[in-house]
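User: Could you walk me through how to read a structure like this one? I would like the general idea behind each feature, then the case at hand.

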Amino acid sequence: MKSVKELYNKFRELILYGIIGGFCAGLDFVVYNLLGMVIPYLWANVISVHCGIFTSFFLNRQYNFKVKDKTSKRFKLFYLIGLSGLAVSELLIYILSERMGMEYRLSKIITIFVAALLQFLLNKFITFKKTNNG
């Protein structure tokens, strides 16, 4: 049986991505709820997701993947992947809230998990792929 340390080492990036992602998802959700009181919730989602994207990039770059070369190129990739997560989030919130009648905050919580998994996989294998000099 594998020890906890071995399991941690095997899944370190996913665990740290989850911790950082949890923090950024919390930030996203707080901003979403605050803005949702004064602007339409789909617009609030666009703004809150951007807050999460920017924070997540810098935290993952610094503490998780520890890949610090080609920052501009990596940020552009991360941002594009973040926008794909935003598209998934917008679509799911619309379907869950407008078509299925789910409360908009609950639909947001569901979409955070779906988008986060998609973005982790894309960022791990594209954005933060290690290079020979990185």
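Analyst: Happy to. Let us start with one residue and its contacts: beyond residues up to four places away in sequence, Ser-97 touches Tyr-41, Met-102, Glu-103, Tyr-104 and Ser-107. Please keep in mind that this is a predicted model.

User: Where does Ser-97 lie?

Analyst: Ser-97 belongs to helix α3, which covers residues 71–99.

User: Is Ser-97 buried or exposed?

Analyst: The way to read this is to look at the relative accessible area, where buried means under 20%. Ser-97 has a value of 12%, so it counts as buried.

User: Which polar contact joins the side chain of Ser-97 to another side chain?

Analyst: Here you look for pairs of N or O atoms within 3.5 Å. The side chains of Ser-97 and Ser-107 are joined by such a contact, at 2.9 Å. In addition, a polar atom of the Ser-97 side chain lies 3.5 Å from the backbone oxygen of Met-102.

User: Let me step back to the whole chain. How many helices and strands are there?

Analyst: The chain has four helices and zero strands. Reading along the sequence gives the pattern α-α-α-α. Along the principal axes, the C-alpha atoms fill a box of roughly 45 × 40 × 20 Å.

User: What do burial and surface look like for the chain as a whole?

Analyst: Of its 134 residues, 36% count as buried. The chain exposes about 8100 Å², and carbon and sulfur atoms supply 72% of that area. For charges, you can compare mean positions: those of the 17 positive and 7 negative charges are 12 Å apart.

User: And how do I read the contacts between residues that are apart in sequence?

Analyst: Take the contacts between residues at least 6 apart in sequence, then ask which of them span further along the chain. In this chain, 70% of those contacts join residues at least 24 apart.

User: Which residues of helix α4 are buried?

Analyst: A general idea helps first. An α-helix has 3.6 residues a turn, so residues three or four places apart point the same way. Now the case here: helix α4 spans residues 104–127, and its buried residues are Tyr-104, Ser-107, Lys-108, Thr-111, Ile-112, Ala-115, Gln-119, Phe-120, Asn-123 and Thr-127.

User: What covers the buried residues of α4?

Analyst: The cover includes α1 (4–36), α2 (41–64) and α3.

User: Could you take one of those buried residues as an example?

Analyst: Asn-123 is a good one to follow. Its place is in helix α4, and its relative accessible area is 1%, so Asn-123 is buried. The side chain of Asn-123 makes a polar contact of 2.7 Å with the side chain of Thr-127 and one of 3.5 Å with the side chain of Tyr-17. Leaving aside neighbours within four places in sequence, Asn-123 is in contact with Tyr-17, Phe-78, Ile-81, Phe-128 and Lys-129.

User: Turning to cysteines, why is Cys-24 not bonded to Cys-51?

Analyst: The test is the distance between sulfur atoms, which must be within 2.5 Å for a disulfide. The closest cysteine sulfur to that of Cys-24 is in Cys-51, and at 10 Å it is too far for a bond. By this rule the count comes to zero disulfides.

User: How do Cys-24 and Cys-51 compare in burial: which is buried and which is partly exposed?

Analyst: Cys-24 is buried, with a relative accessible area of 4%, whereas Cys-51 is partly exposed at 28%.

User: What is around Cys-51?

Analyst: Cys-51 lies in helix α2. Apart from neighbours within four places in sequence, Cys-51 is in contact with Leu-27 and Val-31. You can also check C-alpha separations: Cys-51 and Tyr-79 are 28 residues apart along the chain, and their C-alpha atoms are separated by 11 Å.

User: One last feature, the backbone angles. Which residues have a positive phi although they are not glycine?

Analyst: Look at Lys-66, with a positive phi of about 50 degrees, and Lys-70, which also has a positive phi of about 50 degrees. Lys-66 is found in the loop between α2 and α3, and Lys-70 lies in that loop as well. As for accessibility, Lys-70 is partly exposed, with a relative accessible area of 41%.

Notes:
Residues are numbered from 1 along each chain as its sequence is written. This is a predicted model: local features need pLDDT of at least 70, side-chain atom pairs count only at pLDDT 80 or more; totals for chains, interfaces and linings use all residues. Side-chain values use heavy atoms; hydrogens and water are left out. Helices (H or I, at least four residues) and strands (E, at least two) are DSSP runs, numbered from the N terminus. Buried means under 20% relative accessible area, exposed over 50%, partly exposed in between (1.4 Å probe, protein chains only). Contact means heavy atoms within 4.5 Å. Accessible areas come from the Shrake-Rupley method with a 1.4 Å probe; for residues, only the protein chains shown count as cover. Lys and Arg count as positive and Asp and Glu as negative; His and the chain ends are not counted. The place of a charge is taken as NZ of Lys, CZ of Arg, CG of Asp or CD of Glu. A polar contact is a pair of N or O atoms within 3.5 Å; within protein, one must be able to donate a hydrogen and the other to accept it, and residues adjacent in sequence count only if both atoms are side-chain atoms.
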